[in-house]
Amino acid sequence: MKVLVVGSGGREHALVRSLKRSPKITELFCAPGNAGIACDATCLPIKATDLDGMVAWAQDNKIDFAVVAPDDPLVMGMVDRMESIGIPCFGPRANAAIIEGSKVFSKSLMKKYGIPTADYAVFNDPADALDYIKSKGSYPAVVKADGLALGKGVVIAQNEAEAADALHSIMEDKIFGASGNNVVVEEFLTGPEVSVLAFTDGKTLVPMVSSMDHKRALDGNQGLNTGGMGTIAPNPFYTDAVATECMEKIFLPTVDAMCKEGRPFKGCLYFGLMLTPNGPKVIEYNCRFGDPETQVVLPLLDTDLFEIMQAVSEERLSELEVKWKKGAASCVIVASGGYPQSYKKGYPISGLNEGGQREDAEIFHAGTAFADGSFTTAGGRVLGVTCIAETLPKALEKSYAAVEKINFTDIHYRHDIGKTAVEQL
């Protein structure tokens, strides 16, 4: 079968490398892809958000199946468009992708169906929002842009001044465009964070191995929020008892709620959870595979990913047994110095072979290009360095040993990925 993956980052590289192992796939394409993905699939110069271009190419080239990975094209309705011309897809339609596309929608869904989440209020006027925060007098306060914001639309304000700044930049300066027309103001929850990705065909839900992301740019969870500086799986805070509670109170109720709303969700549903003293609560939903969680979850998958995706598309996930490898996985993100703010691009990367890989780790390319016979930096997050071992400490040891053999100008990475998880073991 001819399969097209839409997207260009580390998540898409992890998807491509997992899919290429399927004996059912004869040709694998990725649009737009990146230099590392080009070693594993045929890359196409089509932007992920170019719905017309993507659909036309898929039709002209008789694509048999499409995997739409990023949030933007999902929320814009790329799956609807592909399916309308007879191309089956993995990913939700636009009316279900709204679970990530609008924080206001997802919070009201949870409220309506009794799914545990933080207390909140919705505002379209910054003055009203600030009055509400002041009346609560409880800090930190969480301010979220309603729409998509590249994973950066959340501000944790430590005081009134920071809250006012956040509201001004999101709602008046429109740093995230129309995504900031409305904001959600939430109570601040405490506890270990857990990411759980789940396959669902709208009826059956199969959770993947739990994981832990590390959002802050610097060691000790200091610095600015990023798209993620590293991940580990499984997450030791996510016990069997917690998993059972999440399935009963969060996962299945969410899938049922979406069906009742006439928005059946098919694809990968991401649950961002906080294990609070009052039980697990939803921080956020994503309508797709998480990045960089995918880089530690998929390497542990034992079942053919493409078979799972087909079963989801055809609503027969209940017929499939999804199996996982034993052990643990770790991914350390190697980034450009200055990320997530300003950084320079175009630096040659040493320590990779001609396929963009290493023998001692699986390398997922996020922001790379190829120039003058060398892979070069082309983004904030450059590479994900993933290793599997029997235990998490051994996996982390292997990831960091590989990271130390990779280099480029202004290289930056955290040295404490998985530290709190190892302490929990």
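**Exercise 1. The hairpin of S20 and S21**

Determine how strand S20 (residues 368–371) and strand S21 (residues 374–377) pair, and over how many bridges.

*Solution.* Step 1: S20 and S21 pair in the antiparallel sense over 4 bridges; strands are DSSP runs of E of at least two residues, helices are runs of H or I of at least four residues, and both are numbered from the N terminus. Two strands count as paired if DSSP finds at least two bridges between them. Step 2: Ala369 has Thr376 in S21 as its bridge partner. Step 3: the hairpin leaves 2 residues between the strands, and Asp372 takes a positive phi near 50 degrees.

The model is predicted: local features need pLDDT of at least 70, side-chain atom pairs count only at pLDDT 80 or more, and totals for chains, interfaces and linings use all residues. Residues are numbered from 1 along each chain as its sequence is written, and side-chain values use heavy atoms, with hydrogens and water left out.

**Exercise 2. The parallel sheet and its helices**

State the strand order of the open sheet of 5 strands, and identify what packs on this sheet.

*Solution.* Step 1: the order is S3-S2-S1-S4-S5, with parallel pairing. Step 2: strand S3 (42–43) and strand S5 (89–90) are the edge strands, each pairing on one side only. Step 3: between S2 and S3 there are 2 bridges in the parallel sense, and Phe29 has Thr42 in S3 as its bridge partner. Step 4: helix H2 (residues 51–60) lies across S1 and S2 and runs at about 170 degrees to S1; axes are lines fitted to C-alpha atoms, for helices over the stretch in contact, and angles run from 0 to 180 degrees between N-to-C directions. H11 also packs on the sheet, where it touches S1, S4 and S5, and its direction makes about 95 degrees with that of S4.

**Exercise 3. The enclosure of H1**

Establish how many residues of helix H1 (residues 10–19) are buried, and describe the contact of H1 with H11.

*Solution.* Step 1: 10 of the 10 residues of H1 are buried, so this helix is largely enclosed by the rest of the structure. Buried means under 20% relative accessible area, exposed over 50%, and partly exposed in between, with a 1.4 Å probe and protein chains only. The buried residues include Arg11, Glu12, His13 and Arg17. Step 2: the cover includes strand S1 (2–7), strand S2 (27–32), strand S4 (65–68), helix H10 (294–297), helix H11 (305–313) and strand S19 (362–365). Step 3: the axes of H1 and H11 come within 8 Å and cross at roughly 105 degrees. That makes H1 roughly perpendicular to H11, a class that spans 65 to 115 degrees, while angles under 35 count as roughly parallel, over 145 as roughly antiparallel and the rest as oblique. Step 4: Leu15, Ser18 and Leu19 in H1 meet Leu305, Phe306 and Met309 in H11, where contact means heavy atoms within 4.5 Å. The residues of this contact divide into 5 nonpolar, 1 polar and no charged.

**Exercise 4. The surroundings of S16**

Identify the strands that pair with S16, and decide whether Ser106 is buried or exposed.

*Solution.* Step 1: 10 of the 10 residues of S16 are buried. Step 2: strand S10 (residues 193–200) pairs with S16 in the antiparallel sense over 8 bridges, and Ala198 stands opposite Leu269. Step 3: S16 and S17 pair in the antiparallel sense over 7 bridges and form a hairpin with 2 residues between them. Phe271 has Tyr285 in S17 as its bridge partner. Step 4: Ser106 lies in helix H6 and, at 5% relative accessibility, counts as buried. Apart from neighbours within four places in sequence, Ser106 is in contact with Ile99 and Tyr285.

**Exercise 5. The nonpolar cores**

Name the residues that touch the most other members of the largest nonpolar core.

*Solution.* Step 1: among the 75 residues of this core, they are Leu4, Met82, Ile99, Phe251, Phe271 and Leu273. A nonpolar core is a set of buried Ala, Val, Leu, Ile, Met, Phe, Trp, Tyr and Cys residues joined through side-chain atoms within 4.5 Å. Step 2: helix H9 (residues 240–260) gives the most to this core, with 7 residues. Step 3: apart from the largest core lies another, of 38 residues, among them Leu28, Tyr270, Leu300 and Val312.

Key. Nonpolar A, V, L, I, M, F, W, Y, C, P; charged D, E, K, R; others polar.
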